[in-house]
Amino acid sequence: MLTSLEIRRRRVKLAGGGMDTHTGLRHDFGQFVDMARGLVNRRIFSDEDIYRLELERIFGRCWLYLAHESELPEPGDYVNVTMGVESVLVCRDEDGKINVLLNNCRHRANSVCRADRGNAKSFVCPYHGWTYDTKGQLVGGPAFHEVYVTGLDREKWGLVRVPQVGTYGGLIFACLDPEAPSLDDFLGDMRWGLDLLLAQGELVAVPGIVRWTMEANWKFTSDNAIGDMYHGIWSHRSAILAGHAAGTGTAVNRVMRSPQGPGFTFVGEYGHGFTANFVKPEEVNWNSPLAAWRKNPSVQQRLGEFRGKVNRANMLVFPNLFVNSGSRELMLRNPLGPRRIEIWKTVLVDRNAPPETRRQFVRASNRHFGPAGMFEQDDGENWAQSTLGTASRAAESYDLNYAMGVGAGEFVTDEKSPPRIDSLCNEHAQLWMYKCWAEYMDAASWRELKANHSRPQGRL
Amino acid sequence: MRNLADIKLRTEGWIAPAATLEDVLLQHDIEQCLYHEAALLDARRFEDWYALLADDLEYWMPARSTRSSEDMDEEFAKPGEGALFDDTKQHMAERIRKLFTGFAWAEDPPSRTRHLVNNVRILEKTQSEGHLEVKIECGFLIYRSRLARDVDLWVGRREDWLRKADGDGAWLIAKRHIFIDQVSLSSQNLSVFF
């Protein structure tokens, strides 16, 4: 008789590679992704052991988006957010520095803060009252000196600090792995893509984060973000037919005829990427406040001619941040299990824009994305259905097809951009993401990953 | 906190001023309208429902966050900030058109919903030139069954401004502010109307 664990191990027959200490799985995650034929194995979307290893090797290793700096203007301001599955406090201390601390009391592991945001001088555990300041240092607790008769070294019992914190263009990221490269090195050329949004003005986060959950594997949402230009014509057909505008201040309706318009695909080291479509001057609604930034000379100068032609980019900062340069959202998709995620949606607006313009941007985003969004209603339905389907054991040996244009994606290297592929609708970036995913999963450490990871060259 | 011994029974809203027959009829009238509206939505008669909306409709569901007790006034995002619905009548027309395209995957096959409206209270009544407007508050519980086994439950509080032109029998929905009781919604979408 096999135990259930043995049955699971047999099912997950992972050949070659090393042995994982937690799951006992032998792994060679490269086998799940066939770059030559454009295939991805279904199991990676629903297997619990693979998910547990992802928490360690991906969410435990990557720089993860937490919040926008504008959410923490004053000393004592904090937000209570999630890094993968870890509850963390991002707080600005009295010196103006941003600290990222595990929201986890050193005494009995309770959350020391249960509000989502606010301003605090200290965080007090509700169980026994251990109290920490905004730098995470243990300040004391009720009757501290009377009860700790043998002493307690407060310096040693502060909240656990997340070892690396960084910002790019106002976006606060942190990383749980002290060996990870710097945020700038992690993002690499992806910064050139993020500037498609971040250079549009002095952007600030709009108060009011929209949060919801769905029964989807996080990777399906990420592969949609990084380069699924195919789904719009069908998933979002009802919204487009109903006359919904995407909030970009442009009218690019070519997508209803064919998703294969002018544009390009970008992929970066460590799993990032995006697709961007171009807009012609006659397609810009120049009178719309939503297009005002396109007329701003300093913005155009910063973007340059090539990026200045972009209508909208759908971007992925690996592993789980979707950035939309059109309706200006940051959408963080945190895992809650192999088949469940929580989405956190933040809208960015230009701090200096007139109130009516800001209002239009926010309303456009409110209507476009979010659970009631004209577009996103149907995404939730489809990602949940994809995830459900990958749990099928009868279909397990039939890989998912990511072969659109496989082999035809040649990298162009010129002065206009970092290496790019001059094609808009393809599955190159999605396949790239899974290749990078396998590299994270196979690497024992950041040292190994830095030495062995893919760079955009040749063709996809 | 106030001294509990000093608090009188006659707190606002508990002992109402003596109701007139007119008040009772108005309450009945409003409740029947809300039940009728709920029935239209449950029957997926969205075009008929659209006819209940005033041309200057404001349909809004703000984002919500968990706050400490001293920050409860910050719990809901303000108008113009993050919201789940932030719509005009024109936007509602788009939402309804979407449902009739044959490509609205979140509602095709259609959900089965049950809109329950309760705790209806008339908060304000204003007679202006040409029309009567009332502000009401109610609780809602919307149950959705989808496909074979998917179930969603949305519970919250609503503030509605209903308006009736003088000499006209029909109430129109001028404003609807929807305050949902979850911070992180447990439904994969909100493809229904509240």
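Trainee: In which sense, parallel or antiparallel, do strand E14 (residues 210-214) of chain A and E7(B) pair?
Mentor: This is a predicted model, in which local features need pLDDT of at least 70 and side-chain atom pairs count only at pLDDT 80 or more, whereas totals for chains, interfaces and linings use all residues. Residues are numbered from 1 along each chain as its sequence is written, while chains are lettered from A and ligands numbered from 1 in the order in which they are written. Strands (E, at least two residues) and helices (H or I, at least four) are DSSP runs numbered from the N terminus, and two strands pair if DSSP finds at least two bridges between them. A:Arg211 stands opposite B:Ser184 in E7(B), and E14(A) is joined to E7(B) over two bridges whose sense is parallel.

Trainee: Which element supplies the largest share of the side of chain B that touches chain A?
Mentor: With contact taken as C-beta atoms, placed from the backbone, within 7 Å, 34 residues of chain B meet 40 residues of chain A. Strand E2 (83-87), helix H3 (89-99) and strand E7 (184-185) of chain B each give at least two residues to that side. The largest share, five residues, comes from E2(B).

Trainee: How do helix H6 (residues 218-227) and helix H12 (residues 428-442) of chain A lie with respect to each other?
Mentor: Their axes, lines fitted to C-alpha atoms over the stretch in contact, are 8 Å apart. The angle, taken from 0 to 180 degrees between N-to-C directions, is about 135 degrees. Angles under 35 degrees count as roughly parallel, over 145 as roughly antiparallel, 65 to 115 as roughly perpendicular and the rest as oblique. That angle therefore makes H6(A) with respect to H12(A) oblique.

Trainee: Which residues of H12(A) make the contact with H6(A)?
Mentor: On the H6(A) side, the contact is made by A:Ser222, A:Asp223, A:Ile226 and A:Gly227. From H12(A), the residues are A:His428, A:Ala429, A:Gln430 and A:Met433.

Trainee: Which strands stand at the edges of the open sheet E1-E2-E21 in chain A?
Mentor: The three strands are ordered E1-E2-E21 with antiparallel pairing, and two bridges join E2 (residues 39-40) to E21(A), where A:Val40 stands opposite A:Leu400. Each edge strand has a single partner, so one side of it is left without a neighbour in the sheet, and these edge strands are E1 (33-34) and E21 (400-401).

Note on methods. Contact = placed C-beta atoms within 7 Å.
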